[in-house]
Structure formats: C-alpha cells, structure tokens
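Trainee: Please take a close look at the charged side chains in this protein. I would like to know where they sit and which partners they have.

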Amino acid sequence: MLIRFEVSNFRSILEPVELSMVAVDKERPEARPMANLGESLLTVAAIYGPNASGKTNVLAALVWLRDAVDNSLRAWDDTIPIEPFAFAGADNRSSEFVLECVIDGVRFEYVVELDRHSVHYEALFHYPEKKRRRIFEREEDELKLQRGLGNLSGTRDLLTPRTLALSIARRFDDPLVSGFADELRAIDDRGVSSSKIRLPTVGGRRTFVTDDWFHESAEHDRRQALALLRMADLGIDDVMFERVDGESGKRRTMLLHRTSGEPVALDLGAESDGTLAWYRLMGPLLGTLESGAVLILDELDASLHPTLSTQLIRLFLDPATNPRGAQLIFTSHDTSLLNHLNRDEVWLTEKMSDGSTRLGALAEFAGERVRRSQNLEKAYLHGRFGALPDVDRADVLRTLGLIG
C-alpha cells in the first residue's frame, strides 16, 4: 500500500508537495492498520481544486515515476523526459520524487533526483524491524549496494547518466528490488498523461482490459464482472462476443440489454458515453481490487454519474470488497462526493501567485483541525477551505457582451 508520495519541480509543482495516505482518524474500519508501521493507511484519496490549480499534475507526477521505471533503460537515450516548472524559480533545480509504500508489512522508500540531462541521486531503502537499511544508493554514476546483494552487481555495467538504477536492477530478479518495482509498476491509471514529450512507447507493464474478465478469465471473475455491470443499473444483463467476418480471431463486444420482450444485443460502439466509461473502467477496477494495487483516475465525475462514482468509492472503502487494501486516488469537481469521504481522505490544490501548485490536506487545513462532524460539501462550497475558482461573474458577463 502507498504510504506517501512527494514531488517537486514538475509541471506546475515547484516546491515539494506531499500526498499522504496515513489516516488521521485511525479507529475507523476503513483505515487499515499497519503493525510494523505504527500507523493506519487509507484506501481512498480525493483531490479537489479549481481548474488549472494543478490537481492533474499531482497524479501525473506519480504516473511519470511509474513510467520512468518502465522506460528509462530503453527509451532515455538522448534526454530524460522530465517537465520542470516552467516559470521563474526553477532555474538550475532538479526534479525530485519520493515514494514510500508497505509491501508484505515492510516499509520501502524510493528517492530520485534528476534533470533532463542525468540522474543525480537515486536510492531504495527498506525498514525491516523498523530500522532503515539501504538496498542501493546511487550518486551520479557511483552505485552502492547492500551487503549480500552481489547478484545486483551487474547493474553497474548497464548504468548510464540517463538510466534509473531501479530499471536495471529489477531485471536481476532480486526479491527486494523486483518486489518494490512490481508494486510501483502495478499502479494503473485512467485519463492521466505522464509526459507531453513524445518518446518511443515501451511495453511490458500489465494492464487490465474489461473484455478479458468476460471471455478469458475464470468463471468467478466473470461473475464479479457481471455483478459490477448490473450494479450500475444500466439495463444490461450480460456481455457476449461476436466474431467479425473475414478477420480471423477478431471479436466484437456486444452488451445484452433487457427489454419488455426478448433481450437485445448492441455493439459496444453504439452505447452511451456513460455506459462506455463504466464498462472500460470495470477491468482496471476489478484488477486493482484483486491485486491490491493503486488506481488513479483523473476527473472521476467527467464521465460517470455521481451514483456510480459513489459506488466506486465505496468498493475501495469497504474491507469486504477490498480485502487486499487496494487504493483509489482521484481528482474531481463533484462536491456531492464529499458527503461520502472522511476529512483525512480529501486534499485541496491552490494556484499560488507565482503560478505554482500548493497541495494541502483538508484534515489540517490552514493549521486548523477540521472537525470530524464537519459537513464537507457545504463548507467547501462556502469557501471554508479555499480551493474554489475565483470568478468575477460581472466581468464574465461584460466580456460576453451581456451587460454594459
């Protein structure tokens, strides 16, 4: 499970911002106790804020780090595709990423500092018996390994200024390194672009496709997928596949709708945007819940009805439907969802005067503890926590020529 993620000098983020999954209200059944950590972790984090305040960039930074582990060895030949803060204040500064997670009860910490030209610092630590131990640590081109990890010594031979040591070391199948790398690479996302710089696409990371749950998975997986589809109350009872004439092995996805008469099968392409959005999300959702990974969704409310968004959140919050501690991190403008979130599950972004993003925890907003009983939606809409668009309605109407 993810403990925390920190990033600086990335897109609209200049100074370090931190997203923490550590619970404030530990006694809630939704908070998952971590004995060796001494804390409880959350399974849901929601980020709210005005447009252009940097919500998506917080998610994109985490996705960028995931993709970096996949791509650096094979695609970072000429440049590192990092996007530093574009305005004043970022000159000669590196971008930094810190990720902490719990794997099989053990805390891991990964740190990276780099710019477009080279990786300056990189380290992976773990905390067996709560004591910090180095797995590897790299300063420029010098790599140090934990004693007893000689099987990773080949990492030095492949290390270049523009290659992550983790990208190389994970290929030597050491359980410590590959276990952490697999946890990071298992992060799934929808609607988040990790880089605007065009580079060759590198495959190899597992992705979950909804169709697979209906025609390639075990029967219990199909039952789970059907239950999720019917839960949406879209009038759909089943999924079937029809072979495409003249194209060997290609199949067309059909959704079977209930009617007053015989069921009617419709091609997936004929469905509404809302139905398509839910259907395509089901595969990543089920895969994440099954594996205990992290699912990242940008603008959760953009394509899903609020009722479905609420159901999605509840699937992650409920230990019965989320026994492995899978985590959902999303951005949204839908304030009605605040009624289903606890104060420590909400984060707010704000655009500062220099154009940079500030990320703050609602649970400790402005240094004042938010009461557990606070009506979060009402307080948010009344500007109690800031993070609302600063709109001069008269100026907008004047620009549109509707008033003098």
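Mentor: Start with the contacts. Among contacts with a separation of 6 or more, 59% join residues that are 24 or more positions apart. Keep in mind that this is a predicted model. The chain has 404 residues, and 52% of them are buried. The protein holds 10 helices and 18 strands. The accessible surface comes to about 19,200 Å². Carbon and sulfur atoms supply 47% of that surface.

Now the charges. Begin with the pairs. A search of the whole structure turns up 25 salt bridges. Three of them deserve a walk-through.

Take Asp344 and Arg28. They form a salt bridge, and their closest N and O atoms are 3.7 Å apart. This pair links distant parts of the chain, with the two positions 316 residues apart in numbering. Asp344 comes from the loop between strand 16 (327-331) and strand 17 (346-351). Arg28 comes from the loop between strand 2 (17-20) and strand 3 (32-34). Are these partners buried or exposed? Asp344 has a relative accessible area of 5%, so it is buried. Arg28 has 12% relative accessibility, so it counts as buried too. The cut-off behind both calls is under 20%.

While you are at the loop between strand 16 and strand 17, look at Asn339, which also has its place there. Asn339 has a relative accessible area of 45%, so it is partly exposed. Its C-alpha atom is 9.5 Å from that of Thr310. Those two residues are 29 residues apart along the chain.

Next, Asp70 and Arg170. A salt bridge joins them, with 3.9 Å between the closest N and O atoms. Here, too, distant parts of the chain are linked, 100 residues apart. Asp70 belongs to helix 1 (residues 55-75). Arg170 sits in the loop between helix 3 (165-169) and helix 4 (175-185). Both Asp70 and Arg170 are buried.

The third pair is Arg252 and Asp267. Their side chains meet in a salt bridge at 3.1 Å, N to O. Arg252 lies in strand 13 (residues 251-257) and Asp267 in strand 14 (residues 264-267), so the bridge ties together parts that are 15 residues apart in sequence. How accessible is each partner? Arg252 counts as partly exposed because its relative accessibility is 30%. Asp267 is partly exposed as well, at 29%.

Salt bridges can also share partners. That is how Arg4, Glu6, Glu18, Glu100 and Arg107 are joined into one network.

Now leave the pairs and turn to a cluster of like charge. Glu139, Glu140, Asp141 and Glu142 gather in a patch of negative charge on the surface. Glu140 is placed in the loop between strand 9 (133-139) and strand 10. Glu142 is found in strand 10 itself (residues 142-145). Glu142 has a relative accessible area of 51%, so it is exposed. Glu140 has 39%, so it is partly exposed. The line between these two classes falls at 50%.

What does Glu140 touch, leaving aside residues up to four places away in sequence? Its contacts are Ser118, Val119 and His120. Thr160 gives you another reference point. Its C-alpha atom and that of Glu140 are separated by 9.0 Å, with the two residues 20 residues apart along the chain.

Finish with backbone angles at two acidic residues. Most residues other than glycine have a negative phi. Asp104 is not a glycine, yet it has a positive phi of about 50°. Asp104 has its place in the loop between strand 6 (95-103) and strand 7 (106-114). With 79% relative accessibility, it counts as exposed. Glu129 also has a positive phi, near 55°. Glu129 is placed in the loop between strand 8 (119-126) and strand 9. Glu129 counts as exposed because its relative accessibility is 74%.

To recap: Asp344 is buried, and Arg28 is buried. Asp70 and Arg170 are both buried. Arg252 is partly exposed, and so is Asp267. The patch around Glu139, Glu140, Asp141 and Glu142 is on the surface.

Conventions
Residues are numbered from 1 along each chain as its sequence is written. This is a predicted model: local features need pLDDT of at least 70, side-chain atom pairs count only at pLDDT 80 or more; totals for chains, interfaces and linings use all residues. Side-chain values use heavy atoms; hydrogens and water are left out. Patches are made of residues with over 30% relative accessible area and no salt bridge: like charges are joined within 9 Å, nonpolar side chains (Val, Leu, Ile, Met, Phe, Trp, Tyr) within 5 Å. Accessible areas come from the Shrake-Rupley method with a 1.4 Å probe; for residues, only the protein chains shown count as cover. A salt bridge is a side-chain nitrogen of Lys or Arg within 4 Å of a carboxyl oxygen of Asp or Glu. Lys and Arg count as positive and Asp and Glu as negative; His and the chain ends are not counted. The place of a charge is taken as NZ of Lys, CZ of Arg, CG of Asp or CD of Glu. Helices (H or I, at least four residues) and strands (E, at least two) are DSSP runs, numbered from the N terminus. Buried means under 20% relative accessible area, exposed over 50%, partly exposed in between (1.4 Å probe, protein chains only). Contact means heavy atoms within 4.5 Å.
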